[in-house]
Amino acid sequence: MHKCAKGFVETLLGLFAIAMFFGSAQAQAATINYTNSTDATISENATPCTNPLLIPFSVGTSYTVSDVNIGILIGHTYRGDLLMYLRSPAGTRVEIFSGTGAGADNFNVQLDDAFGTSVSTHSSADTATAGTSVPPYQRNFSPANALTAFNGQNSSGTWRLEICDRFNGDSGSFYQANLSLTDTPTNFADLSLSKSVNNAAPTNGAAIAYTLQVTNAAASPNTATDVVVRDILPAGVTFVSASGFGSYNNATGNWSVGTVAPGQTRALTINATVNATSGAVITNTAEITASSIVDIDSTPNNGNTGEDDYAARSFTVAGTRTAGTPPNLSTICSPANQILFDWNGKSWASGSLNNSFTIAGIGSVNFTLSTDGSFQSSPEVNNSNTGAFGTGQQSLYQFLEFTNKTQSSTTIVTLPTAVPGLQFTIFDVDYAANDFADKFTVTGTYNGATVYPTLTNGIANYVVGNSVIGDAGSDSASANGNVVVTFLAPVDTISIVYGNHTTAPDDPDGQAASIYDFNFCRPNTALSITKISQVISDPVNGTANPKAIPGAIIQYCILISNAGSATAASINATDTIPGNITYTAGTMRSGNNCGSAATVEDDNATGADETDPFGAAISGTVLTATAASLVPAQAYALTFQVTVN
C-alpha cells in the first residue's frame, strides 16, 4: 500500500469543450455549465497522487460565485483507490471524494451540497463506460467536504478537477466532468438562523429555554418579509410558553417572524419542560422554511443541515437513573374489569409470523410479525427472558439479526374491538458496546387515529416520547431491562417496532427481547340517544319560517351513538308517537347522522331494507329503530316525518 505525497505535478489535458446553460436556481441568477469530456487514463503509474490527472475548466467571464456543483464520470475498478479534489482559480482546494466505497467499481455521480446523503456512504457499483451518456448522472450525493468553500469567489480563470490513483492493482479511465457555477443575484437577502439552549444537562422535570435568532446580514441588499421558521419541539420536552418577536404556534412549530431588515436580528425564546429520563439525548432542530426573497447561500425548507438557515442543539438529561413507576391501570378500569392475557400455556407455531389467540371478554387477538432483517430463530413463546418475574414466566421471544442499524422488526397487535386501556411489559431492552443498542417504538391507534402510550423505563434504558432506548447492559433475568407500556386511552391496534438506536454499530450483532403478558381493560359500550325536530312547512307560511300549527309537517331525527370502546350489538330503540301528531307513511330514512340519513326504510319489519346495517319499522303508533351493531364512535340516525293534527 502506497501513501500519497503532499505535492503534485500538473499534467494538463489537451482540448476540452465548454457548454453553457442558464437556470433558475436563484432569482436573477445564472447557472453556467462547463464540460470536459477528454478521455484519459487513471492508474497508480499514470496518475499517482504525486502527479494527479488535472481536468481543467476555463472560465472566461467574471462574476461572483454563489453555488458550485460537479458531476464526474469515471470507469475504474475498486473505486476506493481514488481521491478527487476541486481547485478554484483563487487557489481554494476542496477534497470532494476521499476514496470511500472500497471494492465497488466506477464513479457516475453528481456532487451537490444540497443532496442530504454524503458520497462517503456510496457503496454500490456505478455504470461508467466510454459510451455512457451524462448528465444526468446515475447518483446524487453531497461531496466529502462542502463546496460552499468557493462561494463568494470570482469565477474567472481555470478551475481544475484533480484525480489520483493511490494504490496498485487497479486502473481505469476518466470520461467526463460537468462543472456548474452559479453567479450571485442582485435581488436577494442573506438570512441565517442560530439556536441555543440554556442548560446542556437538565434533569427530568427541569425547565429549559431554547432561543432562536434570525439575522439578515448587514451587507444584504434587501429586506426579507414573510419569514417563517419551523421548530417542532422534539419528543422528550413539553411546550410551556414562547416569548419574543412575532408569534409561535406550538401545534405546527411555526414561528412567524415577519420582516427582517438588513443588519437586523429577530429572536424568540421557547420555554419547555424536560420529560425524558436520565441519559436521554434530546436534539431540537429548526430551519427557515419561508421568505419573500431568495437567500444568497441557502434555500428555505430544503432540509439541508449544512446551510446557515438550519440550526440544531442537543442536551443530555442528567441525574441518577432509577426504574420509573408505571401508571396504574386501575385509574381507568377497576381490577375486576381487567382481563389478563398470559403467555403461559400458549403455543406459537414454529416458523409462523402470524398467530391469533382468543381472549375471554375481548375475542380473537392477532399478533403479526415482520422484519427487513432476519430472525435467528423462529419467534416463539418461551422463558429465555423473564425480567425478574420468575423462571416459570413465558413471553413472546424475538431473536433477530440486523445487518445495519436502520433495519427493524414490527409486531402488530390487532384487537377485535377497542379496549379503554391496556398495559404490558417488554423484557431485556438494553445495550452492548460495539454490538447493539435496543430501541423500541410503540404506537397505538383507535378508529384509525394515533394514540400514544406512556413508556416507563428500567435502569438499563431511557424513554424519549413513545420510544425507549437501551444504554446499559441487563441480564435476561433482570428487571433492569424492563419497559412497561401503558395505554390510558381507548386503543384497538398496537405497533411495536424493534430495532437499534444510532449508538449501535453500523452492523449490529444478534439481539433479542420479549413481549410479556398483556393486561386489558374490559371493553365497554356507552350508548346515548338524542332526538331533535324541525318544522318543514305549514299550510299558512309554506316553507318560509313555518310554524307548528295544524297541518304542519315536522321532521324528527333519532340519533343513537356509541361513545364506548366496545362494539354494541343488537340495538333496539322505540319511540311512541303522541296523539296530537300523525306519522307520514314512507318517510323513514336511515344513515350515520341526521344530516345525511338517506337510505329508504319502509314501514314494516321485513324485507331487504331490514337487512342493511340499520333497520326501522312502525306498528300502530310505536316506531322501532334497530342496528345489528355499532362499533366505537359510530352513530345511527333515523329520520321520519309527521303531520300536526
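## Sheet β12-β13-β18-β15

V237 sits opposite V274 of β18. This cross-strand pair belongs to the contact of β15 with β18 (residues 265–274), an antiparallel pairing held by seven bridges. The model is predicted.

The wider sheet is open and has four strands, ordered β12-β13-β18-β15 and paired antiparallel. Its edges are β12 (191–197) and β15 (237–244), each with pairing on one side only. Neighbouring strands in this sheet are turned by 20° against each other on average, direction ignored.

## Sheet β16-β17-β14-β19-β20

A second open sheet has five strands in the order β16-β17-β14-β19-β20, again with antiparallel pairing. Here β16 (247–249) and β20 (310–316) form the edges, and each pairs on one side only. The average turn between neighbouring strands of this sheet is 20°, direction ignored.

Within it, β14 (residues 224–230) and β17 (residues 254–260) run antiparallel and share five bridges. V228 has S256 of β17 as its bridge partner.

## Strand β26 and its partners

Strand β26 (residues 395–401) is mostly covered, with six of its seven residues buried. Its pairing with β37 (residues 511–521) is antiparallel and spans five bridges. In that pairing, L396 stands opposite I515 of β37.

Two further strands pair with β26. Strand β25 (residues 380–382) does so in the antiparallel sense over three bridges, and E380 is matched with Y397 of β26. Strand β24 (residues 374–375) is also antiparallel to β26, with two bridges; F375 has L400 as its bridge partner there.

## Nonpolar cores

In soluble globular proteins, nonpolar side chains tend to be buried together. The largest nonpolar core of this model has 41 residues. The members that touch the most others are F367, L422, F424, I494, F518 and F520.

What does F424 contact beyond its neighbours within four places in sequence? The list is V442, V483, V484, V485, I494, I496, I515, Y516, D517 and F518. I515 is also the residue opposite L396 in the pairing of β26 with β37. Another core lies apart from the largest one; it has 34 residues, including I32, L82, V109 and W159.

## Disulfides

The structure holds three disulfides. C49 and C164 are joined with an S to S distance of 2.1 Å. Their link is right-handed, with 65° about the S-S bond. C49 lies in the loop between β3 (40–43) and β4 (53–59), and C164 in strand β10 (residues 157–165), so this disulfide ties together parts 115 residues apart in sequence. Both cysteines, C49 and C164, are buried.

C333 is bonded to C521 at an S to S distance of 1.9 Å. This link is left-handed, at -65° about the S-S bond. C333 is in the loop between β20 and β21 (338–341) and C521 is in strand β37, so the pair ties together parts 188 residues apart in sequence. C333 is buried at 7% relative accessible area, and C521 is buried at 0%.

The disulfide of C557 and C594 has an S to S distance of 2.0 Å. It is left-handed because the torsion about the S-S bond is about -85°. C557 lies in strand β39 (residues 553–562) and C594 in the loop between β42 (589–591) and β43 (599–600), 37 residues apart.

Are C557 and C594 buried or partly exposed? C557 counts as buried, at 5% relative accessibility. C594, at 24%, counts as partly exposed, because buried means under 20% relative accessible area.

Conventions:
Residues numbered from 1 in each chain as written. Predicted model: local features only at pLDDT ≥ 70, side-chain atom pairs only at ≥ 80, totals over all residues. Heavy atoms only, no water. Core = buried A, V, L, I, M, F, W, Y, C linked by side-chain atoms within 4.5 Å. Buried < 20%, exposed > 50% of the residue type's maximum accessible area, 1.4 Å probe, protein only. Contact = heavy atoms within 4.5 Å. Pairing = 2+ DSSP bridges. Axes fitted to C-alpha atoms, helices over the stretch in contact; angles between N-to-C directions. Disulfide = S-S within 2.5 Å.
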